[in-house]
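Trainee: I would love to be walked through this structure, with the reasoning behind each term. Could we look at it together?

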Amino acid sequence: MPTILIAEDNLDAMESLTEVLRTEGYAVLAAQDGQVAIEIAKVFKPDVVLTDIDMPNLDGLSLCFQIKANADLENIPVVLLSGRLPIYQPEGVFDVIQKPMLIEEVLSSVRAAVRHSKTSRMESEICTS
């Protein structure tokens with residue numbers, strides 16, 4: 001069962017995403033800010049990180065950059081959620097989804113990110129064996 005880490009400071013949004021993803025068969029980890037999310041990611045190494053951009057302590061972009069800078073986490077796809085889209089998709093970001101989110105758009109992005117994560121992990125294992 002793929003694991004999705006949600007980093008979202010809005011409890012209602014976090015609970016909604018958690019419910020939808022669990023219903024789809026994903027294991028879900030949750031954090032209310034980026035700093036807690038990076039610590040969870042280091043321990044559990046989720047398949048995908050789904051993060052709000054605007055959060056306290058460590059925003060979603062900084063979370064993404066820290067994940068990509070960590071050799072143990074760098075292959076984890078990061079999907080950004082934002083009420084205000086960046087003009088560009090930042091390097092290292094798998095996808096950007098605008099709030100308010102359409103559930104099917106989130107699920108489609110998560111499915112694609114999980115496929116990407118599995119492929120990256122298989123390639124990494126082949127390279128290290």
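Mentor: Gladly! This is a predicted model, and a good place to start is Ile-4, which stands opposite Val-28 in E2. Ile-4 belongs to strand E1 (residues 3–7).

Trainee: How do you know that E1 and E2 are paired strands?

Mentor: Two strands pair if there are at least two bridges between them, and E1 and E2 have 5 bridges in the parallel sense, so they count as paired. Ala-7 takes part too, with Ala-31 as its bridge partner in E2. Between these strands the chain crosses from E1 through H1 to E2, a right-handed β-α-β crossover.

Trainee: What makes that crossover right-handed?

Mentor: Picture the strands pointing away from you: a crossover is right-handed if the path from the first strand over the helix to the second runs clockwise. The path from E1 through H1 to E2 is of that kind. E3, helix H3 (residues 60–69) and E4 make a right-handed β-α-β unit as well.

Trainee: Which strands make up the sheet, and in what order?

Mentor: It is an open sheet of 5 strands in the order E2-E1-E3-E4-E5, with parallel pairing. The twist averages 20° from one strand to the next.

Trainee: Why are E2 and E5 called edge strands?

Mentor: Strand E2 (27–31) and strand E5 (95–98) each pair on one side only, and they are the edge strands of the sheet. Compare E3: 4 bridges join E1 to E3, and 4 bridges join E3 to strand E4 (residues 78–82). Each of those counts meets the minimum of two bridges, so E3 pairs with both E1 and E4. As examples, the partner of Ala-7 in E3 is Thr-51, while Val-49 has Val-78 as its partner in E4.

Trainee: What makes E3 an enclosed strand?

Mentor: A residue is buried when its relative accessible area is under 20%. In strand E3 (residues 48–52), 5 of the 5 residues are buried, so the strand is largely enclosed by the rest of the structure. Both faces are covered, with Val-48, Leu-50 and Asp-52 on one side and Val-49 and Thr-51 on the other. For the chain as a whole, 43% of the 129 residues count as buried.

Trainee: How do you know that the buried residues of H1 line one face?

Mentor: The buried residues of H1 are Ala-13, Met-14, Leu-17, Thr-18 and Leu-21. Seen down the helix axis, they fall within an arc of 130°, so they line one face. An α-helix has 3.6 residues a turn, so residues three or four places apart point the same way. The face turned away from the buried side of H1 carries the exposed residues Asp-12, Glu-15, Glu-19, Arg-22 and Thr-23.

Trainee: What is the span of H1 set against the expected one?

Mentor: H1 (residues 11–23) has 13 residues and reaches 18 Å from its first C-alpha to its last, close to the 18 Å expected at 1.5 Å a residue.

Trainee: Why is Asn-10 called a cap of H1?

Mentor: A polar contact asks for a pair of N or O atoms within 3.5 Å. A side-chain oxygen of Asn-10 lies 2.9 Å from the backbone nitrogen of Asp-12, so the pair meets that limit, and Asn-10 caps the N-terminal end of H1. Just after H1, Gly-25 takes a positive phi of about 100°.

Trainee: What makes Lys-45 and Asn-57 worth a look?

Mentor: Most residues other than glycine have a negative phi, and most peptide bonds are trans. Lys-45 has a positive phi of about 45° although it is not a glycine, and Asn-57 has one of about 70°. Lys-45 is in the loop between helix H2 (34–44) and E3, whereas Asn-57 is in the loop between E3 and H3.

Trainee: Why is Lys-45 called partly exposed, and Asn-57 exposed?

Mentor: Exposed means over 50% relative accessible area, and partly exposed lies between 20% and that value. Lys-45 has 35%, so it counts as partly exposed. Asn-57 has 65%, so it is exposed.

Trainee: Where is the cis peptide bond?

Mentor: The bond from Lys-99 to Pro-100 is cis, with omega near -5°. Pro-100 lies in the loop between E5 and helix H4 (103–128).

Conventions: Residues are numbered from 1 along each chain as its sequence is written. This is a predicted model: local features need pLDDT of at least 70, side-chain atom pairs count only at pLDDT 80 or more; totals for chains, interfaces and linings use all residues. Side-chain values use heavy atoms; hydrogens and water are left out. The expected span of a helix is 1.5 Å times one less than its number of residues. Buried means under 20% relative accessible area, exposed over 50%, partly exposed in between (1.4 Å probe, protein chains only). The arc is that of the directions from the helix axis to the C-beta atoms. A polar contact is a pair of N or O atoms within 3.5 Å; within protein, one must be able to donate a hydrogen and the other to accept it, and residues adjacent in sequence count only if both atoms are side-chain atoms. Axes are lines fitted to C-alpha atoms, for helices over the stretch in contact, and angles run from 0 to 180 degrees between N-to-C directions.
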